[in-house]
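Trainee: Could you zoom in on one residue for me and go through its surroundings, then add a bit about a sheet? Keep the cut-offs in, please.

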Amino acid sequence: MKRLINGRIFLIMALRVINKKIIKKEHMKTYFKLVILLLTISLASCDDVIDVDVQTAPSRLVIEASLDWEKGTTGNNQIIKLSKSTPYFDTTTNTSITNASVRVVNDGNGTEFIFAHQSNGTYRTTGFIPVIGQSYTLEVIHEGETYTANETMTPVTDITEVNQSKEEGDEDELEVNIIFTDPEAEENYYLFKIQKRGDLLPTLIDADDEFVNGNRIPMWYEEEDDDDTEDVNESFMPGDVVDISFFGISEAFSNYMQILIEQSEGAGLFSATPVPLRGNCINTTNPDSYAFGYFRLTQVVKTSYTFQ
C-alpha cells in the first residue's frame, strides 16, 4: 500500500501566515518575492512515496454451507458455495472452486446427499432430507485434502406477531417488533437477519433464552442513521418493507456469530481484540490449513413487514 505526501501543503500554510499580517506598502515587494519563491519550490517539489508493509495470510478454502430449512417447505433444495480467500487489496474477482467433491451424510442412517457443481463454485442437491435433532457430517475434498464438519439440525419456534411502534428506541423513530414464545423445555439460541429492501447488507442479531426461558419475547429493531453516508434519514419510513429471517441455531454457531458480529461492527473502546475467526470446518489431512466458514443446519421462519 502506498501513500503520497504532497509538499504543496507548505505553500498553503505559508500563504495563511502572510494573509494574517498587515502588509505595508514598503514591504510589498518583499512579500511578493516570498510568494514567488514558495510557488517555485512548490512546483518543483516531488511526491514522496512511502512503502507500507501490509500483513498477508495464506489463501484458504472458504466454505459457505448453511443448510436452512424454511418452515412450510420440504427443505430438499440446498446449496453450498466454495471459494478461495484473497488478500485485502487483491483485485482478483473470480475465486470460485469448481472441482471439489462435496457431500453431506446423515449420521443416523448413513444416507448420503451429493452436492453437484453448477457454476461459479455453487454446489447443489435437490434431494436433501432435513430431520430435526439429527446430526449431519459435511465432507469437502479439494486438491487432495479433506475437510469435515459436524452439526445438528436445530428447530425454531414460530413468530406470533410482527408490528411497529415508536416506544423502545429513539423518540419518534419507527421500529419493527418481532414477537415469539420461547420453548421452555430446552436451551434455545436464535439468529435474526433483518434487511430493509433496498439496503445492500442485512443486520444480524444473535439472542438466547438464558434469562427469558419459556416466556413471550418481544424483539425490536430500528434503523440507525449512518454518519458516513450522505443519506439524511436512513430510519424506517412509512412504505418501507423489511424482510425478516428467524433462525434456530446451535450453541456453537451462536458463539461463532457473536464473535463475527462484534468484529464486523468495528473496534470500540470496550471491544475485544480481533482474533482469527475459525469455524467448525476442519482439514483432516493438514490441520494447520483449516478452512474459513461454518457448516450449519437450521430451521428458519421468514416473513416481511410494510411500515404504515
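**A close look at Asn106**

Mentor: Start with the side chain of Asn106, which reaches the backbone nitrogen of Gly108 at 2.7 Å. That same side chain also makes a polar contact with the side chain of Gln134, at 3.3 Å. (A polar contact is an N or O atom pair within 3.5 Å; within protein, one atom must be able to donate a hydrogen and the other to accept it, and residues adjacent in sequence count only if both atoms are side-chain atoms.) Bear in mind that this is a predicted model: local features need pLDDT of at least 70, side-chain atom pairs need 80 or more, while totals for chains, interfaces and linings use all residues. Numbering runs from 1 along each chain as its sequence is written, and side-chain values use heavy atoms, without hydrogens or water.

Asn106 lies in strand 5, residues 101-106 (a strand is a DSSP run of E with at least two residues, numbered from the N terminus). Its relative accessible area is 5%, so Asn106 is buried, meaning under 20% with a 1.4 Å probe and protein chains only. Skipping neighbours within four places in sequence, Asn106 is in contact with Thr111, Phe113, Gln134, Ser135 and Tyr136, where contact means heavy atoms within 4.5 Å.

Now the sheet: it's open, with 3 strands in the order 10-11-14 and antiparallel pairing (pairing takes at least two DSSP bridges). Strands 10 (159-165) and 14 (216-221) are at the edges with a single partner strand each, so one side of each has no neighbour in the sheet. Strand 11 (residues 175-181) is joined to strand 14 by 6 bridges, and Ile179 stands opposite Pro218 in strand 14.

Conventions. Helix = DSSP H or I, 4+ residues; strand = E, 2+ residues; numbered from the N terminus. Buried < 20%, exposed > 50% of the residue type's maximum accessible area, 1.4 Å probe, protein only.
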